[in-house]
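Work through the exercises below with the sequence and the model side by side. Each task is followed by a solution that goes step by step.

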Amino acid sequence: MDNTALAQERGGFTLPRGIELDMAILQETSIDGELVLRSSYVLSETGPVVSIEQVSQGVSVQTAGDDTNSRVTIEVPGTQVSHLAGRATGSVITNTADNRTISTVTTIDLDLSNMDVGSIGSLVPTLGTLARDTASLKF
């Protein structure tokens with residue numbers, strides 16, 4: 001997904017210290033070089049939004065949960081892939097097929113562009129904590 005398309009997927013909210021933060025989590029899983037599932041999780045002031053961006057043709061999709069704790073699962077012969085979003089974010093893969101290359105990439109996009117330089121400088125020591133707290137934010 002290019003930056004222009006991703007920019008439309010970003011959500012945002014204001015942290016307690018008045019820091020405006022946009023955050024999106026994009027998960028992509030490929031099997032043997034073919035993208036089989038792309039899902040996104042966007043935080044906004046109204047709450048999280050989970051969406052399925054792309055699924056390979058002929059692949060069955062199952063969804064469970066709600067906007068705060070979702071699971072998107074696909075099955076291809078010999079392999080099941082689940083993207084988790086919400087209270088826990090990650091991927092679960094079960095595979096019984098031989099000679100298969102499976103790749104999962106999770107991208108966390110934190111946009112702090114609304115902050116002035118002075119605020120960013122004072123934030124640098126706590127960026128790790130900020131990312132961890134944001135990822136575990138509950139609605």
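**Exercise 1. Find the bridge partner of His83 in S8, and describe how the two strands are joined.**

Solution. Start from the residue itself: His83 has Ser91 as its bridge partner in S8. Next, widen the view to the strands, keeping in mind that this is a predicted model: strand S7 (residues 79–86) and strand S8 (residues 90–95) run antiparallel and are held together by six bridges. Finally, follow the chain from S7 to S8, where a hairpin of three residues makes the connection.

**Exercise 2. Place this pair of strands in the whole protein, and state which element has the lowest mean pLDDT and which the highest.**

Solution. The protein contains three helices and nine strands, and along the sequence these elements follow the pattern α-β-β-β-β-β-β-β-β-β-α-α. Turning to confidence, the average pLDDT of the protein is 74, with 60% of the residues scoring at least 70. Among the elements, S8 has the highest mean pLDDT, at 91, whereas strand S1 (residues 11–14) has the lowest, at 54. As a caution for reading such values, predicted coordinates should not be read in detail where pLDDT is low.

**Exercise 3. Decide whether Ser30 and Ile102 are buried or partly exposed, and list what each one touches.**

Solution. Begin with Ser30, which belongs to strand S2 (residues 20–31). Its relative accessibility is 18%, and because buried means under 20%, Ser30 counts as buried. Beyond the residues up to four places away in sequence, Ser30 touches Leu35, Val36, Thr101, Ile102 and Ser103.

Now take Ile102, which is part of strand S9 (residues 102–111). With a relative accessibility of 27%, Ile102 lies between the limits of 20% and 50% and therefore counts as partly exposed. When neighbours within four places in sequence are set aside, the contacts of Ile102 are Thr29, Ser30, Ile31, Thr79, Ile93 and Asn95. A last step concerns distance: Ile102 and Asp32 are 70 residues apart in sequence, yet their C-alpha atoms are 6.3 Å apart in space.

**Exercise 4. Which side chain does the side chain of Arg38 meet in a polar contact, and is Arg38 buried or exposed?**

Solution. Locate Arg38 in strand S3 (residues 34–44). Its relative accessible area is 14%, so Arg38 is buried. The side chain of Arg38 makes its polar contact with the side chain of Glu28, at 2.7 Å. For a wider view, compare positions along the chain and in space: Arg38 and Val72 are 34 residues apart along the chain, and 9.8 Å separates their C-alpha atoms.

**Exercise 5. Name the residues of the largest nonpolar core, and find which element gives the most to this core.**

Solution. The largest nonpolar core consists of eight residues, namely Ile31, Val36, Leu37, Val59, Val72, Ile74, Val76 and Val81. Sorting these by element shows that S3 and strand S6 (69–76) each give two or more residues to this core, and S6 gives the most, with three. Then examine one member, Leu37: apart from neighbours within four places in sequence, its contacts include Val72, Ile74 and Val81, as well as Glu28 and His83. A second, separate core has five residues, among them Met23, Tyr41, Leu43 and Ala85.

Conventions: Residues numbered from 1 in each chain as written. Predicted model: local features only at pLDDT ≥ 70, side-chain atom pairs only at ≥ 80, totals over all residues. Heavy atoms only, no water. Helix = DSSP H or I, 4+ residues; strand = E, 2+ residues; numbered from the N terminus. Buried < 20%, exposed > 50% of the residue type's maximum accessible area, 1.4 Å probe, protein only. Contact = heavy atoms within 4.5 Å. Pairing = 2+ DSSP bridges. pLDDT = per-residue confidence, 0-100. Polar contact = N/O pair within 3.5 Å; in protein donor to acceptor, adjacent residues only side chain to side chain. Core = buried A, V, L, I, M, F, W, Y, C linked by side-chain atoms within 4.5 Å.
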